[in-house]
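Colleague: I should be grateful for some guidance on reading an unfamiliar structure. Could we take the features one at a time?

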Amino acid sequence: PYIETTTAPEKGGILADLPRVDYSSGKASLLLEPQRTNLFAGSEYLTGWANIGLSPEYNYGISPEGVKNSVKLTGNGNAGDRIEEVVTLSAGVDYTFSMYIKNVDSVRNIIFGTTESFFYDIDWNGAEISSVTAGLNYESVGNGWYRIWETSQSDSSSIFRVYPSRTGPYDKSIEIYGLQLEEATYPTSYIPTYGTSQTRLKDVLLEGTA
């Protein structure tokens, strides 16, 4: 599995078979995680996602994993151009939706999270996020990439949507990577899926022997 570091950009974003390490205190400390399941079947190649008015370009750019496997989304000129997936959830339960995003030339894009009646604007100033709708969290992970996430109580059937451009002209582009949906109140490190949901078991720290 790919597990990410937290606040050490010089270490990169997604690293293979390495523990998550927190550098925020100035010292390295392990971050042990609970068991979590990524409920999206296609976190990288969008298995299960419908393309409405656009054709995703796979393996477009270098993702936070350090591999050329991001997806470029470009609108075809309509405000409704998007990808979307309908997921059946337990109503009134907390879920967290997260993904990685990088701007190409969009001015504003929009995502719908776990409550389909509410959406989040992401406003761009070139490669940087200038503002987001309250309730959407974000952090830079380097090389123009951000991880964004939101937590809310779900509807019984939620439609997750990503619009590359919602301010005309509607032919602008963004890159995305690592879409994740967890039954939880906060995001954990990325769990890749390639056609079916995947579960990462709880981290266990084993004592070494001299």
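Modeller: The discussion below moves from a sheet to some backbone features and then to a single side chain. Please keep in mind that this is a predicted model.

Colleague: What is the order of the strands in the open sheet of 6 strands?

Modeller: In general, strands of a sheet pair through backbone hydrogen bonds, and the pairing is either parallel or antiparallel. Here the order is S6-S9-S16-S11-S12-S13, and the pairing is antiparallel. Strand S6 (50–52) and strand S13 (128–132) stand at the edges; each has a single partner strand, so one side of each lacks a neighbour in the sheet. From one strand to the next, the twist averages 25°.

Colleague: How many bridges join strand S11 and strand S16?

Modeller: Strand S11 (residues 108–112) pairs with strand S16 (residues 157–163) over 3 bridges, in the antiparallel sense. To locate this on the model, find phenylalanine 112, which stands opposite arginine 161 in S16.

Colleague: I should next like to understand the backbone angles. Which residues are joined by a cis peptide bond?

Modeller: Most peptide bonds are trans, and most residues other than glycine have a negative phi. In this model, glycine 168 and proline 169 are joined by a cis peptide bond, with omega at about 0°. Proline 169 lies in the loop between S16 and strand S17 (173–182).

Colleague: What is the phi of asparagine 59, and where is this residue placed?

Modeller: Asparagine 59 has a phi near 55°, a positive value in a residue other than glycine. Its place is in the loop between strand S7 (57–58) and strand S8 (71–74). With a relative accessible area of 35%, asparagine 59 is partly exposed.

A positive phi, near 55°, is also found at asparagine 143. Asparagine 143 belongs to the loop between strand S14 (137–142) and strand S15 (145–153). This residue is exposed, its relative accessible area being 71%.

Colleague: Let us close with a side chain. Is arginine 200 buried or exposed?

Modeller: The term buried is reserved for a relative accessible area under 20%. Arginine 200 has 10% and is therefore buried. This residue is found in strand S18 (residues 198–200).

Colleague: Which backbone oxygen does the side chain of arginine 200 reach, and with which residues is arginine 200 in contact?

Modeller: The side chain of arginine 200 reaches the backbone oxygen of serine 189 at 2.9 Å. Leaving aside neighbours within four places in sequence, arginine 200 is in contact with Glu33, Pro34, Gln35 and Arg36, and also with Thr188, Ser189, Tyr190 and Ile191.

Conventions. Residues numbered from 1 in each chain as written. Predicted model: local features only at pLDDT ≥ 70, side-chain atom pairs only at ≥ 80, totals over all residues. Heavy atoms only, no water. Pairing = 2+ DSSP bridges. Helix = DSSP H or I, 4+ residues; strand = E, 2+ residues; numbered from the N terminus. Axes fitted to C-alpha atoms, helices over the stretch in contact; angles between N-to-C directions. Buried < 20%, exposed > 50% of the residue type's maximum accessible area, 1.4 Å probe, protein only. Polar contact = N/O pair within 3.5 Å; in protein donor to acceptor, adjacent residues only side chain to side chain. Contact = heavy atoms within 4.5 Å.
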